[in-house]
Amino acid sequence: MKDIFDRIKESNGGPLGQYQKNADGYFMFPKLEGEIGPEMVFNGKKVLNWSLNNYLGLANLPEVREADAEGARRWGLGAPMGARMMSGHTVYHEEFEKMLADFIGKPAGYLMNFGYQGMLSIIDVLTTRRDVIVYDAEAHACIMDGLRLSFAKRYVYQHNNMESLRKQLEVACKLAEQQGGGVLVITEGVYGMAGDLGKLDEIVALKKEYPFRLLIDDAHGLGTMGKRGSGTPEHFGCEDGIDVHFCAFAKSMALIGGFVGSEPEIIDHLRFNMRSQIYAKSLPLPIVYGAKKRLELIIEHPEYREHLWEIVNTLQGALREEGFNLGNTQSPVTPVYFEAGVNEGTNVVVDLRENYGIFCSIVTYPVVPKGQVMLRIIPTASHTMEHVKRTVEVFKEIKAKLDRGEYNKPMPDMNLVKRK
């Protein structure tokens, strides 16, 4: 018999853990210090930060900070104690749920204590072993974990490929009919790595041909997409075709938690069957109170979203004019692709952070193809045009150095790069 700890200690650390020696504390688990915003401190130096999902810049607004502090003063971080079903249900949770449901155009909704866990739980509860799930090939990890929990048969369609989806629906609908079940299609509103949008309008149109329900994860769409910022369904004008609309607070609202909207009967079914909510502590009241203030600001101040898109359009437009490959992004998420190996990519990032004072995340294989690296930039309403100009100029220099082969060298000793 093998001891579990021995097996772990003898392994290479897993898909990410194998890079721990060189990556820990710098590429992975980096420490960004100071007030949340475009300029923070990393590795002992001030950097221009393009790696926070604080899209609308709400995290440090005075009225947001005051609401957070007021919530903590009134209730403390412990209230309410217990899960919603037992002793953690309050009128404040209900009021906020109603406000969120109205905002995204659904008749009912339910507040959840985590975004990732929320999406995972929804999939588990909506489907049985008689049902069939059809999902996008580039679905987020929370969707993939939800699929693992579900007993439903599942089929994957090529990313945003409607012909592939159609073929999978043909198979899925026949199987579901044989088993006495139904079909659930799962996609995202905004894909958080590549920045492209799920083709919600085209998927909804397929309902005329195939009997299925549609669940979307719109974590990156809430606050950024649509005329009012209610999300990607509003952007496409297909809100009524979305059967279950999930969104997380971790992006535009700069907070923890999540929300799902649907028909009242479906929401009640989720409330009484989601084990991750029935057996977990309720979302603390200071977070509910602070989140409500954030949603009020999103509704009352469209200029935050307008400024975000001004920054996004200027940055993406300037990078494209300089010949950079941004893929097919249609959202604030700004991926910049380079033809380079992992070693070259890591040298680029060290140069950016240490010598140019710019912090952004690096994404490598298997998220992007071998021989390619992505630098992922997240613009926010807190950034300025001067930040954009500086970043574009630096990226031009980085690209020229990459083309000259200056990064084709051994990776630096990270113990020397990382400051204690």
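Partly exposed, in what follows, means a relative accessible area between 20%, under which a residue is buried, and 50%, over which it is exposed. Keep that in mind for I8. One caution first: this is a predicted model.

Let's start with the whole chain. It has 420 residues, and a compact globule of that length would have a radius of gyration near 22 Å. The chain comes out at 22 Å, so it agrees with the globule rule. The C-alpha trace spans about 60 × 55 × 55 Å along its principal axes. Secondary structure: 17 helices and 14 strands.

Now burial. Of the 420 residues, 52% count as buried. The exposed surface of the chain is about 19700 Å², and carbon and sulfur atoms supply 53% of that. On contacts, take pairs at least 6 apart in sequence: 70% of them join residues at least 24 apart.

Next, two residues. I8 sits in helix α1, residues 4–10. Is I8 buried, exposed or partly exposed? Its relative accessibility is 48%, so I8 counts as partly exposed. I8 also joins I4 and F5 in a nonpolar surface patch of about 330 Å².

Then R305, in helix α14, which runs over residues 302–321. R305 is buried, yet it has no salt bridge. Which side chain of opposite charge is nearest to R305? That is E306, 6.3 Å away. A salt bridge here needs a side-chain nitrogen within 4 Å of a carboxyl oxygen.

What does R305 touch, leaving aside neighbours within four places in sequence? Its contacts are L56, I298, and a set from the 220s: G223, T224, G226, K227, R228 and G229.

How values were computed: Residues are numbered from 1 along each chain as its sequence is written. This is a predicted model: local features need pLDDT of at least 70, side-chain atom pairs count only at pLDDT 80 or more; totals for chains, interfaces and linings use all residues. Side-chain values use heavy atoms; hydrogens and water are left out. Patches are made of residues with over 30% relative accessible area and no salt bridge: like charges are joined within 9 Å, nonpolar side chains (Val, Leu, Ile, Met, Phe, Trp, Tyr) within 5 Å. Accessible areas come from the Shrake-Rupley method with a 1.4 Å probe; for residues, only the protein chains shown count as cover. Helices (H or I, at least four residues) and strands (E, at least two) are DSSP runs, numbered from the N terminus. Buried means under 20% relative accessible area, exposed over 50%, partly exposed in between (1.4 Å probe, protein chains only). Lys and Arg count as positive and Asp and Glu as negative; His and the chain ends are not counted. Contact means heavy atoms within 4.5 Å. The radius of gyration is taken over C-alpha atoms; the globule rule is 2.2 Å times the number of residues to the power 0.38.
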